[in-house]
4 protein chains.
Amino acid sequence: MARRSSDPARVREKILKLAMEEFARTGFDGARVDRIAERSKVSKNMLYYYFKSKEGLFVAALERMYEEVRDQQRELSVRAHDPILAMRQLVEHTFQALESNPNAIRLMNEENKQRGRFLRKSKRIRDLYNPLVETISFILERGRVEGVFRPALDSAVVYMTLSSLCYHYLSNRYTLEIALGKDLASAASRKTWVEHVGNIVLLYCTAEVPSTTAPKTAVMRQRATSDADA
Amino acid sequence: MARRSSDPARVREKILKLAMEEFARTGFDGARVDRIAERSKVSKNMLYYYFKSKEGLFVAALERMYEEVRDQQRELSVRAHDPILAMRQLVEHTFQALESNPNAIRLMNEENKQRGRFLRKSKRIRDLYNPLVETISFILERGRVEGVFRPALDSAVVYMTLSSLCYHYLSNRYTLEIALGKDLASAASRKTWVEHVGNIVLLYCTAEVPSTTAPKTAVMRQRATSDADA
Amino acid sequence: MARRSSDPARVREKILKLAMEEFARTGFDGARVDRIAERSKVSKNMLYYYFKSKEGLFVAALERMYEEVRDQQRELSVRAHDPILAMRQLVEHTFQALESNPNAIRLMNEENKQRGRFLRKSKRIRDLYNPLVETISFILERGRVEGVFRPALDSAVVYMTLSSLCYHYLSNRYTLEIALGKDLASAASRKTWVEHVGNIVLLYCTAEVPSTTAPKTAVMRQRATSDADA
Amino acid sequence: MARRSSDPARVREKILKLAMEEFARTGFDGARVDRIAERSKVSKNMLYYYFKSKEGLFVAALERMYEEVRDQQRELSVRAHDPILAMRQLVEHTFQALESNPNAIRLMNEENKQRGRFLRKSKRIRDLYNPLVETISFILERGRVEGVFRPALDSAVVYMTLSSLCYHYLSNRYTLEIALGKDLASAASRKTWVEHVGNIVLLYCTAEVPSTTAPKTAVMRQRATSDADA
DNA sequence: GATGAATGAGATTTCATTCAT
DNA sequence: CATGAATGAAATCTCATTCAT
């Protein structure tokens, strides 16, 4: 009776989806295989049939999550003509991708907690990172050619800067809120911060960097939109 | 009989120390009360006698960790006369504090995973964040007075910028290494990055921020030390 | 489609072979249907199709094993003219048959553990024992006729004596080794023991048996080859 | 409510007793921890608290069994003055010890099935074997001095002979019964066999062993009691 | 304050077996 | 004949917590 779910691929998918949620919500140790099984309406054994162990399921969920993120980035991937605009859009997209994938953040944290133990088991994941870095390279190069960006910028550094600022805001929201007494979840805060990140990154890409000893005297013509009163 | 295990305060301390490690290493769910008891050479019941529950122990460990971090920051807290120098030192100290307290990072991540559920239970923690933000305010004000920093800078924004960049490098080390194929643990990488963070923060504090539409034409005099080839 | 896995009889054979090994190695409870299926490269359902259940498979494997042993004994079955020589050869062959069929020993032990529960289900097995006992009868009779063996010897007793001594050495090898601190697996030990068994059996067949009360004064002319220094 | 069983040593004992039975009856793989727990009226966890794992429990049960056997042998241990009588008594005791401890046989078989894997983990077991071998040495020596036994007899060989014949009769009872169509459980069969074993062992100890080539011509004065009509 | 013994609930994993195709 | 997918029941083991002393 009602034995047939017919499509094993679909079953696998459903399991993975639920597993992602569970692992993201509670971490590897907190996650319960029972719960995943129950929610995906699959008998517990099937999880083992498909994924061999809790760990196997976790790795599979991780891979799946990375794919989702990549797909989302690919969709959003804008290559606006103006490098400055493009960079701002990239920041916006990066932030948005992380924002709409809270699972991604939690799973990555989990990975790092385990010192990359799972990551190393999955060759596929490595490849998924590249697109973003490549997009940055692309934008930097165009900016350089057009004379708006400094030469010799390292795309990895820009990537790390940009993603640190986006990721941390979302990842450490609760401690930051308590530390600063602010509400980071509000639309206003979010908007302000994304602009700020854009400003910071562009400042870095356009300006020469300051030395330790000599004070800056640069004069800049445009005010940022709303940065100062964040 | 004649057990006389020194004074209770010391026992509490020992338990907390081991608990911090365990919770940091494995997260709340991964942590084992048994293990903490065994390692601290205290009978399991004592843990319950002192801390009432696993959760109580976690909160206590959290508080303890925050105190440690604060104490460390207080020690390091430099208030160099030159605001630019002071800011660079602040970055260095912040990075170093996090670096030498991997437990702190992991515990904070844990907190955020639990959506601040534990944090809210502890009034004491709130206070521990302030010093850093205050130090930033202090430096910003002096810089403004001396004319090297922009006016109307928000210390919270500077704090978030600075700590995002430091924290993320350490917290997400493993995924970053895989994503970028770099070794972030090396002394060279670390040095370069800390300099980079200083540069970024100072750029932000000194320069006006760029607009989206108009290209930058600023001319800046000094090259950064080693930033471009990170 | 177009699988055509040769003939069913061969498949059955392959399954049985692997099943024998698995059951012998791990016992009935320790044996895993999955493992047998995997190793014999047959889908698990085939096992059930052919043998109906794990128990059915076990009984079939048991029968198969007995057949193998019988075939082997039939091959070796020597009927040397000299009864004494014949008896020694019989011992050697019995030992060798058990030695080269460790599975047989383990399966028989398994059966005895289960109190012959499986054995009784298989009529065929009963017949397989006879040849050995018959061979013994044959040798005993010839020995009696030739005047070298005592009259009225019970072939069953000789069979039990002989097989106990051979079987136990192999079956309980590990406990014996530990109990005695000897290496029973060595070629030397083995040779000595087989000779010893031959001696014992021949002693019994040729000599009158000693009484409890009166000491023996028999004088025997020949020394055994290497028995005393085993 | 009824929490107190007070005496942990007694609890341990009870568990071990039940474990021995379970392991003996069903073998290691067939044994169920649940069943042992239930029967010994101890919560399942206690088994793990005391013995760490199923394997640990098995080893402990094994040791316990060996102790029992040794204690029993020690009790029975006769050192009759007449070596021949002593040897017969030893056979009787050995048989009886095994007979009244069917668990011992099954556990030893289990060990051998596992290739002594558990045995090697327990230093204590090694020692438990010695007494029997020593008793044999003692008897052999006295017999030699008194001139009734051959010199240079190896006590290990006598031990192996004697125990093979006793053990196998009991251990392989079911297959033997089917093979020979006899009822080995009857008191008569048992008595006959024990006498036979005594006869065999004494024959070996008193007589010179026969060579392969030359026929025996020994004349012996006493008839065995009931051996021929077994 | 301190401890060894005990426990209930539940975690992950295994396994013989069957169904639909 | 043959198979991949599925399952229910149960197995071993874990863990936070408490009781009696």
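User: Which residue forms a salt bridge with E141(A)?
Analyst: The model is predicted, with local features needing pLDDT of at least 70, side-chain atom pairs counting only at pLDDT 80 or more, and totals for chains, interfaces and linings using all residues. A salt bridge is a side-chain nitrogen of Lys or Arg within 4 Å of a carboxyl oxygen of Asp or Glu. In this pair the closest N and O atoms are 2.9 Å apart, and the partner of E141(A) is R144(A).

User: By how much of a helix are E141(A) and R144(A) separated?
Analyst: Residues are numbered from 1 along each chain as its sequence is written, chains are lettered from A and ligands numbered from 1 in the order in which they are written, and side-chain values use heavy atoms, with hydrogens and water left out. Helices (H or I, at least four residues) and strands (E, at least two) are DSSP runs, numbered from the N terminus. Both residues belong to helix α7 (residues 123-145) of chain A and are three residues apart, so their separation is about one helical turn.

User: Is E195(A), the salt bridge partner of K191(A), buried or exposed?
Analyst: The side chains of K191(A) and E195(A) meet with N and O 3.9 Å apart, and the two residues are four places apart in helix α10 (residues 187-206) of chain A. Buried means under 20% relative accessible area, exposed over 50%, and partly exposed in between, judged with a 1.4 Å probe and protein chains only. K191(A), at 52% relative accessibility, is exposed. Because E195(A) has a relative accessibility of 18%, this residue counts as buried.

User: How many residues apart in sequence are the parts that K44(A) and D34(A) tie together?
Analyst: These side chains form a salt bridge with an N to O distance of 3.3 Å. K44(A) is partly exposed at 40% relative accessible area, and D34(A) is partly exposed at 47%. Since K44(A) lies in helix α3 of chain A and D34(A) in helix α2, the parts that they tie together are separated in sequence by 10 residues.

User: How many salt bridges does the structure hold over all chains?
Analyst: As general background, side chains of opposite charge can pair when their charged atoms come close. Some of the pairs are joined into a network, in which E22(A), R25(A), R35(A) and R39(A) are linked. Over all chains, the number of salt bridges is 64.

User: How many helices does chain A have?
Analyst: Of the 230 residues of chain A, 57% count as buried. Its elements, read from the N terminus on, run α-α-α-α-α-α-α-α-α-α. Chain A has zero strands, and its number of helices is 10.

User: What share of the accessible surface of chain A belongs to carbon and sulfur atoms?
Analyst: Accessible areas come from the Shrake-Rupley method with a 1.4 Å probe, and for residues only the protein chains shown count as cover. The accessible surface of chain A comes to about 10,600 Å², and the share belonging to carbon and sulfur atoms is 51%.

User: What is the relative accessible area of E63(D)?
Analyst: E63(D) is placed in helix α4 (residues 54-76) of chain D. Leaving aside residues up to four places away in sequence, E63(D) touches S122(D), R124(D), I125(D) and L128(D), where contact means heavy atoms within 4.5 Å. E63(D) counts as buried because its relative accessible area is 13%.

User: Which phi value does K52(D) have?
Analyst: Most residues other than glycine have a negative phi. K52(D) is found in the loop between α3 and α4 of chain D, and at 72% relative accessibility this residue counts as exposed. Although K52(D) is not a glycine, its phi is positive, at about 75°.

User: How many charged residues does the surface near DNA strand E include?
Analyst: A residue is near a molecule or strand if one of its heavy atoms lies within 4 Å of it, and 39 residues surround DNA strand E, the closest being N45(B), R32(C), K44(C), N45(D) and Y50(D). Ala, Val, Leu, Ile, Met, Phe, Trp, Tyr, Cys and Pro count as nonpolar, Asp, Glu, Lys and Arg as charged, and the others, Gly among them, as polar. Beside 15 nonpolar and 10 polar residues, the number of charged residues is 14.

User: Which residue places an N or O atom of its side chain 2.7 Å from a phosphate oxygen of DNA strand E?
Analyst: Of the atoms of DNA strand E within 4 Å of the protein, 54% belong to sugar or phosphate and the rest to bases. A backbone N or O atom of V33(C) lies 3.0 Å from a phosphate oxygen of the strand, while for an N or O atom in the side chain of Y50(B) the distance is 3.1 Å. The side chain with an N or O atom at 2.7 Å is that of Y48(A).

Notes. Polar contact = N/O pair within 3.5 Å; in protein donor to acceptor, adjacent residues only side chain to side chain.
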